[in-house]
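Biologist: Before I rely on any term used for this protein, I should like to see the value behind it and the rule it is set against. May we begin once the structure is on view?

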Amino acid sequence: FQVCPQDIDESVLAGEKPYDYVQRVALEKAQAALAAHPDGLVLAADTSVIVDDKILGKPQDSADAALMLALLSNRKHTVLTAITLVDSLRQRSSVVRTTVNFRAISAREMQRYWETGEPVGKAGAYAIQGFGSAFVESIEGSFSNVVGLPLFETAQYLEEFNVAIWQQGLADL
């Protein structure tokens, strides 16, 4: 396999719902990669953190991260990840939903967390697989979905496309 980042516009369209947004972006990433590798099999994903039906993207700076973490503090939010697997003949897509419950986060913790560098480039300004896990009181659903690639669904799709998932190298995905 080969990692092929795609430079697509990830702006939310006017009136676009979070579910539709992640599905569209994952599909656009997959289609762009397939255009560059027409004989390949492409797996693409897009993850968003949703609170009050608002999509929280990647923080622009520490103030933006603090705003996002304040929105998530002491409440539940949703993480949606769309995955798309496509080749020249077929396409398979789905959206996985996980509910994450955060404990209360102090302003000092938000600043110290920002200083770790971990929130940079992370939807919702946190990484559940790192220091951000300290904020997580509970989750309902797929942990790997919150990380950014729902492995259960991904493995099913790969098997449907006749990709043996029990081989050396796939563990590095």
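Biologist: Which residue in β3 does Thr-47 stand opposite?

Modeller: Thr-47 faces Thr-81 of β3. Please note that this is a predicted model, in which local features need pLDDT of at least 70 and side-chain atom pairs count only at pLDDT 80 or more, whereas totals for chains, interfaces and linings use all residues. Residues are numbered from 1 along each chain as its sequence is written, and side-chain values use heavy atoms, with hydrogens and water left out.

Biologist: What makes β1 and β3 a strand pair?

Modeller: The two run antiparallel and are joined by nine bridges. Strands, like helices, are DSSP runs numbered from the N terminus (E, at least two residues, for a strand; H or I, at least four, for a helix). Two strands pair if DSSP finds at least two bridges between them, and the nine bridges of β1 and β3 therefore satisfy the rule.

Biologist: How many bridges join β1 to β2?

Modeller: Three bridges link β1 to β2 (residues 54-56), again with the strands antiparallel. One partnership in β2 is that of Leu-56 with Val-49. The hairpin of β1 and β2 has two residues between its strands, and Asp-52 there adopts a positive phi near 55 degrees.

Biologist: Why is β1 described as mostly covered?

Modeller: Of the ten residues of β1 (residues 42-51), seven are buried. Buried means under 20% relative accessible area, exposed over 50%, and partly exposed in between (1.4 Å probe, protein chains only).

Biologist: How do you know that Arg-24 and Glu-16 form a salt bridge?

Modeller: Their N to O distance is 2.6 Å. The rule asks for a side-chain nitrogen of Lys or Arg within 4 Å of a carboxyl oxygen of Asp or Glu, and the value of 2.6 Å therefore qualifies. Arg-24 has a relative accessible area of 17%, so this residue is buried; Glu-16, at 16%, is buried as well.

Biologist: What does the salt bridge between Glu-140 and Lys-76 tie together?

Modeller: Their closest N and O atoms are 3.2 Å apart. Glu-140 belongs to β5 (residues 136-140) and Lys-76 to β3 (residues 76-86), so the bridge ties together parts 64 residues apart in sequence. Glu-140 is partly exposed at 45% relative accessibility, and Lys-76 is partly exposed at 47%.

Biologist: How many salt bridges does the whole structure hold?

Modeller: The search finds nine. Among them is that of Arg-103 with Glu-109, at 2.7 Å between the closest N and O atoms. Shared partners also join Glu-16, Arg-24 and Glu-28 into one network.

Biologist: Why are the buried residues of α3 said to line one face of the helix?

Modeller: The buried residues of α3 (residues 107-115) are Met-110, Tyr-113 and Trp-114. Viewed along the axis, they fall within an arc of 100 degrees, so they line one face; the arc is taken from the directions of the C-beta atoms from the helix axis. An α-helix has 3.6 residues a turn, so residues three or four places apart point the same way. The face of α3 turned away from the buried side bears the exposed Arg-108, Arg-112 and Glu-115.

Biologist: Why is the ring pair of Phe-102 and Phe-135 called tilted?

Modeller: There are three aromatic pairs by the rule, which requires ring centres of Phe, Tyr or Trp (its six-membered ring) within 6.5 Å and counts planes under 30 degrees apart as stacked, over 60 as edge-to-face and the rest as tilted. The centres of Phe-102 and Phe-135 are 5.9 Å apart and the planes stand at 50 degrees, so this pair is tilted. Phe-102 lies in β4 (residues 91-102) and Phe-135 in the loop between α3 and β5, 33 residues apart. Phe-102 is buried at 1% relative accessible area, and Phe-135 is buried at 4%.

Biologist: What makes the pair of Tyr-113 and Phe-135 edge-to-face?

Modeller: The planes of Tyr-113 and Phe-135 meet at 85 degrees, with 5.2 Å from centre to centre. An angle of 85 degrees is over 60, and the pair is therefore edge-to-face. Ring pairs gather Phe-102, Tyr-113, Tyr-126 and Phe-135 into a cluster.

Biologist: How do you know that the charged end of Arg-90 sits over the ring of Phe-161?

Modeller: The charged end of Arg-90 is 4.1 Å from the centre of the Phe-161 ring. The rule requires NZ of Lys or CZ of Arg within 6 Å of the ring centre and within 35 degrees of the ring normal. The distance of 4.1 Å is within the 6 Å limit, and Arg-90 is listed as sitting over the ring.
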